[in-house]
Amino acid sequence: MLGSFAVLRKQSLLGDAISHAALPGIAIAFLITGTKDSSVLQIGALISGLLGTFWIRGITTKTHLKSDTALGLILSLFFGFGMLLLTFIQKQPNANQAGLDKYLFGQAATLVESDVWLMAIVTGICLIILLLFWKEFKILLFDADYTKTLGFNTKFIDILITSFIVLAIVLGLQTVGVVLMSAMLLAPAAAARQWTNSLSFMVVLAAIFGAFAGVFGTAISASQTNLSTGPVIVIVAGVFVLFSFIFSPSRGLLFKQLRIIKNRRDLELHKTLAFMYHIAETHDNISHPHTIKILNNFQGYTTKTLKELEHKHYVTIQGNMWSLTEEGFKVASNLYNQQNAKDE
Amino acid sequence: MSSSQIEIQLIASIVAIACAIPGTFLVLRKMAMISDAISHSILPGIVIGFFITQDLNSPVLIILAALTGILTVVLVEYIQKTGLVKEDTAIGLVFPILFSIGVILIAKNANDVHLDVDAVLLGELAFAPFDRMIIGGTDIGPKSLVIIGSILVLTIILLIAFFKELKISTFDAGLAASLGFSPTVIHYGLMTVSSVTTVGAFDAVGAILVVALMIAPAATAYLLTTDLKRMLLLAIVFGVTGAISGYWLAHFLDASIAGSITTMLGVIFFLVYLFAPSKGVIAVIYRERQQRTEVSLLTFLLHLKNHQEEEERHVNHLNEHINWQKVRSKTVVELAQKNNMIVIDNGVVSLTEKGEEFTSLAIDYIITNEDAKIEYMKDDFFLFRG
C-alpha cells in the first residue's frame, strides 16, 4: 500500500536501503536490553531506519552526491555496521542471542500471535492516517511546489509518509527478511501502476496484489518442504508484475504491440487509398477501372489491404481491374484534410 | 603479525583497490545502486554454476556469476526502456527476484553442500588464507588473493587502456558518441568489469562489503575533489585505509572483518561528510549562512541608498521596516560597519563613500542580470565576510 507512494515518488530503492539500515538498530536494541522481544527490536530497527532515511536526505540536499550514491552508501554502511554488531553479539557469553539473524532472511513461521496482532494494529493505524491525510499525500506526490504555496506543511507530510514507509518495512522484515523487503514494497505497487492511472485505485489494487502474493507464496512454500517463505512470496509478486507488464490493457507490452501493428496497418491502408486516389484523379471518371498491376510498384500495398478496401466498399474489384467507388473517392480526398485539421 | 594476518590485510586491500576503480565510475555515472543489484543477483549464477560443475572452486562459477550480473543490467535496462516504470523501480524489482530464485535453488537442491546464503552475502575473510592455491605442488598463496589479484591487474590494464574513453563517456556521452566510441560498449564493459570484480571479491569479503567498497570510497573521494584522476587515487587510498583499519578493529572486537571494514569506511565517510573543505556539511551550512547575511547586507545597503530621509534611516526604524529579527539586523549592521560601508551618526545610518560605490555597482549588476559578478565584487570590497 505504502509502496505505491514510494514508487510514484521515485524512491523505490529507499525500501531496500531502509531494510538494510534497520539491522544495526536491531543489534543495538538487543545489546542494550538483552531481550529478544520483537517489539523492542522493532523499535530499534525503526529508529535506525529513520536515521538512515534522514541521513540519505541530508547527503542529497547538502552535498553534490546523487541519491543513488547516498542510498548505496547508507545501505552498505549501515548493514556492515549491523553485521559487525551481530558478530560481536555472537561472541558474547549470552545464550539468548541465537535467532537474531532470522531478521536477515525472514521466517514467517517464527511469527507468534502477538506479532500478527501488532502488524494488524499498525496496518490499521496506517490505513487511518492514510485516509485522514489522503488529500495532502496526493497533492504532495504530484505537485510539491503547489502544496507549499497552498500553505501545507510539506516537511511534516513528507516525514509522515517516510516514517510510515519505514514502519511498514520494519514490520515486514521479520516476515520476508532484509533482502527481499524492497521487492515486497515495490512489486505490488509496480504491478498496480500498470492497471490504473488513479491513485486511490492503485493503492487498493497494490494492497490486493500484495495480499495475494503473500497468501499464494505462503501456500506454495508450505506445500513443499525446504522452501522458505520470503523468496517464494517475492517470486509470486514478481510473476504478478510480469503479468501486469504484459497484459495490462493500456500500458501493457502486449497491447502496446498490438496497437502499433494496428496503427501500421491503418497507415498502409490509407497510403494505398491515397495512391489510388492520385491515379483516379487524373481521369474524368473516378470509377475508371485500372489494373491491379500498377499497384505492385507501390510500397505498402498487399492483397490484404486491397481486400480490406473492398470490404469497406472504397473500391470495387472486377477481375484484374480495380476502380474507386464514390465513397472511396470522398474518403480519400478527405484523408489529408482530416490530418491537416488534426495537426492544427 | 603472523603471515596469515598479513595475507588477510593484503587480500582486503587488493579487494578495496579492485572495487574502488569501477566504483568511482559507477558513482560518477549515477549508477551506484547497480552494484548493489549485481551483488545480490549473482547468486543464481553461482548456484547454477555449482550444479553444473559440482565444484565451488571452478572458474565456470565466476563466469556464470558475471553473466548473471550482466543479465541483471540488461534486464533492468530493458524494463526501463519499456517506460512502464522508472529505473530505480526496475532495479528494485529485478534483483530481489533473481536473488529469490537463487535462494530457492539453494534450499531445494544444495542442502548438503556448504553453500549457504550467509556465506555468500557476508563472506568470511578470516578463512581466506587457509584456502590455498596450489599449482604444480607449490603454494603460491591464498586462492582468493590470486583471483582478486588477477582481476585487479585486468581492471588496471583496462582502465589505462580505455581511460580516455571512459572519461569522455562518463561526463559527456553525446560527445563520446560523436567522437566515434560507442557509449553502449563502454557501458557494458564497465558493467562487466563491475560484475567480475563483484564476483571475484564476494568470495573473500561478501556481497555487502563489495557494495560498500565500491561506493563508499568513491563517494568520499568525490566530496574532496572534482578531478577524475585524483578521485580515483583518493578512492583507492580510502578503500585501503578502511580495509586495514577495519581488520584491526575486527581483531580487537573479535567480530566480522567484513562488518568492521564497512564500519571503518562509514566512519571515514562520515568525517569527510562533515569536515570536507568545500563540500562538507559544515562548510555548506557555513557558506549558506554567509550568503544569507551578505544578501541581507546588500538589501540593507540598497534600502539606505533609496532613502535620503532621515526617519527612514533611523536605527530603530530599520528594524521594523526591513522586518528582520533583532539579532540578524545587528549582525548585518555590524558587518557593514566593519567593512566601512556605513556610519552611524546619532542613531541615523548613512552610507560611506565606499558603501555608495559598492551599492551602485551591485545595482548595475542586478539590472543587467549579471548577479554572479557580485560574488567577485564582494572579494574586492569586503574586509570581513559575513
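This report walks through a predicted model with two chains, A and B.

## The two chains

Let us start with chain A. There are 15 helices and three strands in this chain. Chain A has 344 residues, and buried ones make up 41% of them. If we take the contacts in chain A between residues at least 6 apart in sequence, 68% join residues at least 24 apart.

Chain B can be described in the same terms. Its secondary structure consists of 17 helices and four strands. Of its 386 residues, 43% count as buried. Among the contacts in chain B with a separation of 6 or more, 66% are between residues 24 or more positions apart.

## Where the chains touch

How many residues of chain B are in contact with chain A? There are 54 of them, and they meet 49 residues of chain A. Several helices of chain B each supply at least two residues of this side: α2 (32-53), α4 (87-109), α5 (117-122), α10 (207-224), α12 (257-275) and α13 (281-306). The most comes from α4(B), which gives 14 residues. By class, the side of chain B that touches chain A divides into 34 nonpolar, 13 polar and seven charged residues.

## Helix pairs in chain B

Two of the helices just named, α2(B) and α10(B), also pack against each other. The table sets this pair beside two others from chain B.

| Helix pair | Axis separation | Angle | Crossing |
|---|---|---|---|
| α1(B) and α6(B) | 9 Å | about 30 degrees | left-handed |
| α2(B) and α10(B) | within 9 Å | roughly 160 degrees | right-handed |
| α10(B) and α12(B) | within 10 Å | roughly 15 degrees | left-handed |

In the first pair, helix α1 of chain B covers residues 3-28 and helix α6 of chain B covers residues 143-161. Their axes pack at an angle of about 30 degrees, which makes α1(B) roughly parallel to α6(B) because angles under 35 degrees count that way. On the α1(B) side, the contact is made by E7(B), L10(B), I11(B), I14(B), V15(B), I17(B), A18(B), I21(B) and P22(B). From α6(B) come S144(B), L145(B), I148(B), G149(B), I151(B), L152(B), T155(B) and L159(B). Sorted by class, the contact of α1(B) with α6(B) has 13 nonpolar, three polar and one charged residues.

The second pair brings us back to α2(B) and α10(B), whose axes cross at roughly 160 degrees. This makes α2(B) roughly antiparallel to α10(B), because the angle is over 145 degrees. Here α2(B) contributes A32(B), S35(B), D36(B), S39(B) and H40(B), while α10(B) contributes A207(B), V210(B), V211(B), M214(B) and I215(B). The contact of α2(B) with α10(B) includes six nonpolar, three polar and one charged residues.

In the third pair, α10(B) meets α12(B) with axes that cross at roughly 15 degrees. That makes α10(B) roughly parallel to α12(B). Among the α10(B) residues in this contact are I208(B), L209(B), A212(B) and L224(B), and those of α12(B) include A258(B), I261(B), F269(B) and Y273(B). What classes of residue does the contact of α10(B) with α12(B) have? There are 15 nonpolar, three polar and no charged residues.

## Annotated stretches in chain A

Now back to chain A, where a database record adds some labels. An unreviewed UniProt entry places the feature "transmembrane region" at residues 12-32, 39-58, 70-89, 116-134, 159-187, 199-220 and 232-255 of chain A. In the model, residues 39-58 of chain A are 100% helix and 0% strand, and the end C-alpha atoms of this span lie 28 Å apart. Residues 232-255 of chain A are 79% helix and 0% strand, with their end C-alpha atoms 29 Å apart.

Two residues of chain A make good stopping points. I32(A) sits in helix α2 (residues 14-33) of chain A. Is I32(A) buried or exposed? I32(A) counts as exposed because it has 10 C-beta neighbours inside 10 Å. Its C-alpha atom is separated by 10.0 Å from that of G44(A), twelve residues apart along the chain.

I220(A) belongs to helix α11 (residues 199-223) of chain A. With 15 other C-beta atoms within 10 Å, I220(A) is partly exposed. I220(A) and V232(A) are also twelve residues apart in sequence, and their C-alpha atoms are 7.3 Å apart in space.

Conventions
Residues numbered from 1 in each chain as written. Chains lettered and ligands numbered in written order. Predicted model: local features only at pLDDT ≥ 70, side-chain atom pairs only at ≥ 80, totals over all residues. Axes fitted to C-alpha atoms, helices over the stretch in contact; angles between N-to-C directions. Parallel < 35°, antiparallel > 145°, perpendicular 65-115°, else oblique. Left-handed = near helix turned anticlockwise from the far one by under 90°. Contact = placed C-beta atoms within 7 Å. Nonpolar A, V, L, I, M, F, W, Y, C, P; charged D, E, K, R; others polar. UniProt positions renumbered as here; feature names shortened; annotations may be inferred. Buried ≥ 20, exposed ≤ 12 C-beta atoms within 10 Å, placed from the backbone.
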